[in-house]
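Open the model in your viewer and keep the selection tool at hand. We will go stop by stop.

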Amino acid sequence: MAGTLFVVGTPIGNLEDMSVRAVKTLHEVDFIAAEDTRVTFKLLNHFEIKKPMLSYHEHNAKEKGSEIIARLQSGENCAIVTDAGMPCISDPGEDLVRLCAEHGIDTKVIPGPSAAISALALSGISTAKFVFEGFLNPQKNAKKERLEELKREPRTIIFYEAPHKLLDTLQAMNEVLGDRKITLARELTKIYEEVIRTTLSQAVDLYTEKAPKGEFVLVVEGMQQEEQSLTFEQALELIKALTDKGEPLSKAAKDVARQTGFKKGELYSRFLEK
């Protein structure tokens, strides 16, 4: 009989957030798949857990994934953990869960802290509907292109960012999204936890003057309804203005689609019908 994969959430900073069930599960499994065994060793040591660990991360996921599946098929139980928070969220653990599904191996979740949800709860920005983007592409053009795609997203948007990339990301957001509300959550649950509720332009000014420290969660306000004022016909007029200036129709439709949120294909087709 095959074993079970347990997806175990761990603290994002404060060890007191470790659940009783998570500790019990790590005590009972046969082995633990960890993003960084050195980090997980400290966690296990704190709770006096002695279990064999296997390194599982983005650079060895394919090789180690097969090994873990084989051990699960032989009847062993495995817990997968990340350095902090819930495994499988912006994490190669999702590939292991997918492999388990493909091989008919049972998976169970042991819920734990999530930096994204914790930051959202503290943000003061709408929590009714939201989207999680994780880390933006560090390449400047790719980053701006993705932000252009998100420009007319009405839901609250959650990002992760490293301190050395923070200012560039805030500048790109301010340039592409416009000056809207943002909450920056830093070092959540740790001694130097900080939550800053401000605007994108003010955040740029703040971190131009001082160097950011710690890992950040950025909670950005979605586009407000009053900003979504262009009708489909007005969007077609924008395309006409661009093509009159010599811009190819395909590019004009793409540019206006990004600006308005309408689909490029629909704009292109309707423009040709006019």
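Which residue lies over the face of Phe31? Select Arg71: this residue sits over that ring face, at 3.7 Å from the ring centre. Keep in mind throughout that the model is predicted.

**The sheet**

Switch to cartoon view. Find the open sheet of five strands. Read across it in the order β3-β2-β4-β1-β5; the pairing is parallel. Now colour residues 53-55 and 106-110. These are β3 and β5, the edge strands, and each pairs on one side only. Look along the sheet for its twist: neighbouring strands are turned by 25 degrees against each other on average, direction ignored.

Next, select residues 4-8, strand β1. Five bridges join β1 to β5, and the two run parallel. For one position across this pairing, show Phe6: it stands opposite Lys108 in β5.

**Two helices on the sheet**

Select residues 61-73. This is helix α3, which packs on the sheet. Helix α3 touches β1, β2 (31-34), β3 and β4 (78-81). Its direction makes about 150 degrees with that of β3.

Move on to residues 93-102, helix α4. Helix α4 also packs on the sheet, touching β1, β4 and β5. Here the direction makes about 155 degrees with that of β1.

**The aromatic rings**

Show the aromatic side chains. How many aromatic pairs does the count come to? It comes to four, with ring centres within 6.5 Å as the cut-off.

Begin with Phe135 and Tyr160. Their rings form an edge-to-face pair, 5.7 Å centre to centre, with 65 degrees between the planes. The pair links distant parts of the chain. Phe135 belongs to strand β6 (residues 130-135) and Tyr160 to strand β7 (residues 156-161), 25 residues apart.

Is Tyr160 buried or exposed? Tyr160 counts as buried because its relative accessibility is 15%, and the limit for buried is under 20%. Phe135 has 48% relative accessibility, so it counts as partly exposed; exposed would need over 50%.

Now jump to Tyr207 and Phe216. Why is this pair edge-to-face? The planes stand at 85 degrees, so the pair earns that label; the threshold is over 60. The ring centres are 5.7 Å apart. Both Tyr207 and Phe216 are buried.

For the last stop, go back to Phe135 and Tyr160 and add Phe132 to the selection. Phe132, Phe135 and Tyr160 form one aromatic cluster.

Key:
Residues are numbered from 1 along each chain as its sequence is written. This is a predicted model: local features need pLDDT of at least 70, side-chain atom pairs count only at pLDDT 80 or more; totals for chains, interfaces and linings use all residues. Side-chain values use heavy atoms; hydrogens and water are left out. Two strands pair if DSSP finds at least two bridges between them. Helices (H or I, at least four residues) and strands (E, at least two) are DSSP runs, numbered from the N terminus. Axes are lines fitted to C-alpha atoms, for helices over the stretch in contact, and angles run from 0 to 180 degrees between N-to-C directions. Contact means heavy atoms within 4.5 Å. Rings of Phe, Tyr and Trp (its six-membered ring) pair if their centres lie within 6.5 Å; planes under 30 degrees apart count as stacked, over 60 as edge-to-face and the rest as tilted. Buried means under 20% relative accessible area, exposed over 50%, partly exposed in between (1.4 Å probe, protein chains only). A charge sits over a ring if NZ of Lys or CZ of Arg is within 6 Å of the ring centre and within 35 degrees of the ring normal.
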